Each structure stands twice: as C-alpha cells, then as structure tokens.
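Student: I should like to request a close look at a single part of this model. Please keep the account connected.

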Amino acid sequence: MAKQSHWLAAFVPLFFCLALPGTAEEEPRQSDPLRQEALAGEVDSQLKLASEFFFGTETRPRNPVLAVYWYRKAAEQGSGEGAYNLGVCYEKGWGVDRSSLIRAFEWFDQAAKAGIPEAKLRLGLLLAAGVPDEHLEKEVLKGISADRVAAFRMLRELAQTGYLPAAREFGKLVLADRADRETSGKEARKLLQMAAETGDVESLLLLAVCYRDAIGGSGDQAKAVECWERAAGLGSSEAKVYLAAACEYGQGIKCDPDRAFALVKEAAAAADPRALLRLGDYYLNGDHVESSLPEALALYRRSYESGYLPAAVRLGRCAELGLGMTADPVRAAELYGIAARAGDPDAQYAFGRCHLKGIGMEPDPAGAVFWFKTATASGQLDAVRELGICLLTGNGVEKDTEEGSRLLEAAAASGDAEALVFLNNN
C-alpha cells in the first residue's frame, strides 16, 4: 500500500472547520479489509483508516475521535505522519477530550525526529512563543519555556533545506520584534527573498517590509513596490492597499492618484479592512467621489467589525466631532480606549488626549501621560509632542524640562509643526 502524504498540513484548516465533531461509537462489524489490516498493525492501513474517519467517506461516517485513535496507533509504532497528525488534533482540540499545546508539542517532537518538516515548523513556532502550564483535573502538565534561539535555529535549518513555509515564518518572527530585526534582519531578508521567488504572497509582503523599512540591508522603496506589484498580480488585496499608498504619494513609483483610488476600490470590493478604511476616507473628504458622511461611516464600521483597530480611531473621531452623527464624546472615548488597550498607537494618543482634556471623562493628566508614553514607545509623533509638553509644564508628571525639550525637539525635527510653534513660543 502506498505511503500516505502529509495531507493534514494542507487540508486541515478547511475540512476541520467545516466538519462537526464525532463520537467514539463502535466500528462496523461487517467485512472491512482496511480495518482488519489496521487491527493487524499495518501502519499504512492505520493512517488510511484514520484519514477516512477524519474526512468521512460514503461508507465510513466521519468520526474525529476514531481518527485520533488510529493516528495514535500509527504514532505508537513510530509513524512520523501519525504523530504529526495527532499533534495537530491536540493543538486544535479535534477528536480529543481537550486541546493541549503541551501534548501537541510532545507529538510534534516525535514527528520532527522522524523527519516530518511540518512538525519541525510547528515545533519551532511553539518553542518561539513558549507554552504555559496546563491544569487538568488530576494533574498539571508542565509548560515549555520560550527559547527563541533554539526556535530560530530550528526554523533556519528547516528553511535551508528548501522548505519555504519555514523561511516565511522565520521572517515573520524576526520582523515582529525590534531586537530580532537588528540581530537577524539580514538573514530574514535573504530567506524571504528565496521564498518570494516562488511567488509566495505572504513572503512577498514580508520582503516588501524589509525593503521599505531597511530591515537587513538598505531601504529600497522601488523594490518594495515590485513586491507589492507581484503580490497584487497574484490577487493579494493587502498588497493592493500598500501599492495604492505608494501610487498616491509617489514612493518608489510614479505618483498616480487615479490608480491609487482604483486599487483601493478593488481591495475594498474584496472586503479588505484596510481598503474599507481608506475608501471611507475618500468618501469623508470627497476625494475621487462625492462626499458622503453616511457612506464613510458605513465603511469605517465594516472595517472596525472586521477587527481593524485604526477604524475604531476614525469612528471615535466622528463621534467626538459629530461627523455624520450626533456628537458623543463618551462613545468616542470608549472607541479610542478599545483600540488603545489593544495596542494601536494612534488610539493611544487619542485616548491620552481624552484624559488630558476631559473628553468623555473627567480630566486625568496622569492618565494622559501614561497613554502618551505608551504611544511614544511606538514613535507616534503627536504623542511625542504632547508628552514633551506635559514634562515641560509638569502636567500630570514631575516636571523635567530637559527631557521635555528633547522630546519636543525630536517631534519638531520630524516635521511636527505644533511642536515647533511651542518651542518658538517658550
């Protein structure tokens, strides 16, 4: 019997999400050659039987619990494929009593030692993040401490074998951490270049970030645009949004506002939340379309409902100023707060301003300083200016003219006109 492929890696997300959970009912007793072979200990038959129970067939009802049973049988005989699929089931909580990242880690480890690349990838990602202790009814499973050095080594070695998902995930981890960008940015760029050559859309988007932000080498806006062009040609709505911004401002490509608008419309038609927000801006400002506050608000809401935090800032601003609705400063503060707590720097600045000026709440200068500091850590320019002013004036924080002046000078040097005016008048 032919060896089963690692089908779970490619198809699990779709099929598992669509399927309903099964139960461990007794298997049919009628003649079933495949089951008899599996019971006799043939690993290939156990894997095939597990696959049939996993997906369900015309003659074999879908039953994730029995699928797990046969994956386990195969894994216990040393099957790397069985161990990997069993690890996925524990990771997602499919066909098992409860999900368990620790159990998943253990089975991925066995599968990785058997040479399954998908298992090595999952193992590396879990190791990079770490796994907390898991409290069961009768025992506590000890967690796994994060070890980014070991995780990076594992992903690097896997990527160097030509396994492109490892190159992509390595790049994603590096780009997500400022310190890792400094130490591993060059290597991440090289691996992403390799993956992008195959036409992998996500790798193209990550590589564009490397070129745009000078990660792992010199910045090159034109090459970033090339990546976005390729990804957009492959149907990426996210790439179309970035490409639109480049066209709008003439960054790495000829300034072309009409093409920028067309790209935003295309991406919005695909429900990309970034594009929905940008299209809302077009309607708010009457740019390329007739101004329509109701249409702008509807697009902002759709973007926000998709989980895109900057849309909360737009909706908060509309509520604060009464754009297209009755002014509602309390609702504005709520929206700013939701996005601020979730980590959006613009929302953190806006929420700080609410604390400072008493918008939708009682004035709280100390709270304002907290949020300005939080946003400043991400480089939000308005927050840098406001924090500088608070330090210079001692509003909500102990007065520190030296640090306050430094922050205001930094904001002014970055083009903040209000910071420059404040410095000239004080």
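Student: Is Ala-111 buried or exposed, and what is its relative accessibility? Please then examine helix 10 closely.

Tutor: The model is a predicted one. Ala-111 has a relative accessibility of 0%, so this residue counts as buried, the cut-off being under 20% relative accessible area. Ala-111 belongs to helix 6, residues 101-113. Leaving aside residues up to four places away in sequence, Ala-111 touches Gly-80, Ala-83, Tyr-84, Ile-116 and Ala-119.

Helix 10 covers residues 178-196. At its start, the backbone nitrogen of Ala-179 has a side-chain oxygen of Asp-177 within 3.0 Å. Further along, helix 10 has a kink of about 75°, with Ser-184 at its centre. The end C-alpha atoms of helix 10 are only 22 Å apart, whereas a straight helix of 19 residues would span 27 Å. Ser-184 is also one of the buried residues of helix 10, as is the neighbouring Gly-185. The others are Asp-180, Ala-188, Arg-189, Leu-191, Leu-192, Ala-195 and Ala-196. Among the elements that cover these buried residues are helix 8 (148-159) and helix 9 (164-175), together with helix 11 (201-213) and helix 12 (221-233).

A further point concerns the cysteines. Zero disulfides are found in a search of the whole structure. Cys-318 is buried, because its relative accessibility is 2%, and its sulfur lies 14 Å from the closest cysteine sulfur, that of Cys-354, which is too far for a bond. Cys-354 is itself buried, at a relative accessible area of 0%. For the sulfur of Cys-354, the closest cysteine sulfur is in Cys-390, at 14 Å, and therefore too far for a bond.

Technical notes
Residues are numbered from 1 along each chain as its sequence is written. This is a predicted model: local features need pLDDT of at least 70, side-chain atom pairs count only at pLDDT 80 or more; totals for chains, interfaces and linings use all residues. Side-chain values use heavy atoms; hydrogens and water are left out. Helices (H or I, at least four residues) and strands (E, at least two) are DSSP runs, numbered from the N terminus. The expected span of a helix is 1.5 Å times one less than its number of residues. The bend at a residue is the angle between axes fitted to the seven residues ending there and the seven starting there. Buried means under 20% relative accessible area, exposed over 50%, partly exposed in between (1.4 Å probe, protein chains only). Contact means heavy atoms within 4.5 Å. A polar contact is a pair of N or O atoms within 3.5 Å; within protein, one must be able to donate a hydrogen and the other to accept it, and residues adjacent in sequence count only if both atoms are side-chain atoms. A disulfide is a pair of cysteine sulfur atoms within 2.5 Å.
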